[in-house]
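Welcome, and please have your viewer ready with a cartoon representation loaded. We will move from one selection to the next and see what turns up at each stop.

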Amino acid sequence: MKYKLSLKLAVTYLFTTIFLIITMVVITNRTFEDKFKNYIKNLQQEKNEETVQIVSNYYKSVDGEWKDKDLEEIGINALEEGLIIKITDIEDNVIWDAMEHNSGMCVAMLTEMAINMKKYYADFDGEYTIVQYDIIVNQLKVAEIELGYYGPYYLTENDVDFLKAFNNIIILIGLIAIISSIIIGIIISKKITKDLTNTIDSTKEIAKGNYKYRIINNSDTIEIKELIDAVNNLAKKLEEQEQMRNKLTSDIAHEIRTPIATLQSHLEALKDKVWEISEERIISLYEEIVRISEIVDKLSDLENFEKGHTQLNKTKFNIKELIKAVILNFQKEALDKQITIDFEGDDLFIDADKNKLKQVLVNLISNSLKYTKDNGRLKIKLLNKKTKYEIKIKDNGIGIPKDNLPYIFDRFYKVDKSRNRGIPGSGIGLSIVKSIINLHGGEIDVESTLGKGTTFIIILPI
Ligand code: ADP
């Protein structure tokens, strides 16, 4: 069975709050009633003792001469308090018995008490209770008094009204709490599910290919906020990838179109005999074909690196020797441009793919030589930093503008094409370098100041 989240949330919330509110109402009610019963019992006890005191005081005031008139007054007063009194002297002679003198009133009072109690407690098991006290005057027992009442406690009409009012208030508070919790529950679940359904709708929009779509994130629920951020991020990544794909296609077309167009026009000129076939022309055509095939090779290398299809052929070798060998290969080029190349570094044996690292060094050093003017300087350092080693290639060439730095490792990315005029390059070299370094578990960084020079830093784990 599948349910809507809003329904699940609302029902769970509602059941929990209703359960809590009912428990609270029942506990409050029970506790209050127990306290109230105790209070009434204590009140009864006080009433009894007060009546005994009144009778003792009366005895003292008349010096033991009981008078029916006075006793009747005492008896009626006690009756109004719910007490039926019977006084006997020490010889067991009945001096006053409310049941005899005011039997009608006594019965009426007991009936009223029973009715009151039944009103509040339908199954109340009250009974007529009699307690006995001695009347003590000057430390001597002068009589005995029996106090009869409806016990163990009874509620007057006022008490019953009070208890009912209290119960009604508690029930009212409970009802208000339940209604407010229903409203709050509905609002909260609607709010949560609204954000979720918005996110679901947006993901459908993104899935249709509308990668520019972003969800406005103003949810105040942390998890939903994170979910929206994640979906927006995903859309951004998809958008970037699509842009990259489009750019890649147009870049490939552009890079290959130029040499093919040159080839085509030259071959047409030869076919139409506009040009004479000469060795020089054939070499030029051949060089164009080599250029195209180099670009295609580089692209296929790059694709293999990025897809992880390339296996590293790791061996242990002295990286210092490799750097020195690569520098030696560039000796002639450097000499032609009057560029000095310095190297600093100790022997360092590493476990890596020698050919691929050579390719990295060749790319970076040849770039430095390409983008450094005559009489420039190249400094190459090999540093052992215990957990990693670094190769720094620093030139004092034309530098790279700050805005271009984040993209120079992207495929086909060339900094301002006008400055590269006359300098051959397809913009793939640095992406290959980065892929090889990443395959070795390392990183490559670049620092550059326009007009001052560039430093590439290769960081490889030991
Ligand atoms: P390319 O094969 O065209 O040189 P790369 O991927 O090797 O392509 O380099 C990308 C861009 O980075 C180049 O077009 C160049 O403008 C810039 N670049 C690379 N190395 C340097 C450097 N040492 N100094 C200045 N610019 C550089």
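Keep in mind throughout that this is a predicted model.

**First stop: a parallel pair.** Select residues 340–344, which make up strand 6, together with residues 377–385, which make up strand 8; the two run parallel and are joined by five bridges. To get your bearings, show Thr 340 and look across to Arg 377, which stands opposite in strand 8.

**Second stop: the hairpin.** Stay with strand 8 and add strand 9, residues 388–395: here the pairing is antiparallel, with eight bridges. Ile 380 is a handy marker, as Ile 393 of strand 9 stands opposite. Now zoom in on the link between strand 8 and strand 9, where two residues separate the strands. If you like checking backbone torsions, click on Lys 386: this residue of the hairpin has a positive phi near 65°.

**Third stop: an open sheet.** In what order do the four strands of the open sheet lie? The order is 2-1-4-3, with antiparallel pairing. Strand 2 (94–97) and strand 3 (127–137) are the edges, each pairing on one side only. On average, neighbouring strands of this sheet are turned by 15° against each other, direction ignored. Next, colour strand 1 (residues 84–89) and strand 4 (residues 140–151), an antiparallel pair with six bridges. Among the residues to label here are Ile 87 and its bridge partner in strand 4, Ile 145.

**Fourth stop: helices on the strands.** Bring in helix 1, residues 5–62, which packs on the sheet and touches strand 1, strand 3 and strand 4. Its direction makes about 40° with that of strand 3. Then select residues 68–80 for helix 2, which lies across strand 1 and strand 2 and runs at about 40° to strand 2.

**Last stop: a pocket.** Switch to a surface view for the second largest pocket, whose volume is about 550 Å³. Which of its 18 lining residues are closest to the centre? Select Met 244, Glu 306, Phe 409, Asp 410 and Arg 411 to see them. For the wider setting, show helix 6 (222–271), helix 7 (279–307) and helix 11 (429–439), each of which gives at least two residues to the lining. Helix 6 provides the largest share, with six residues. Finally, colour the lining of this pocket by residue class: you will find seven nonpolar, four polar and seven charged residues.

Key:
Residues numbered from 1 in each chain as written. Predicted model: local features only at pLDDT ≥ 70, side-chain atom pairs only at ≥ 80, totals over all residues. Heavy atoms only, no water. Pairing = 2+ DSSP bridges. Axes fitted to C-alpha atoms, helices over the stretch in contact; angles between N-to-C directions. Contact = heavy atoms within 4.5 Å. 1 Å grid on protein atoms, 1.4 Å probe; cavity = no way out; pocket = protein on both sides within 12 Å on 5 of 7 lines; lining within 4 Å. Points joined across faces, edges and corners; volume = space filled by probe spheres on them. Nonpolar A, V, L, I, M, F, W, Y, C, P; charged D, E, K, R; others polar.
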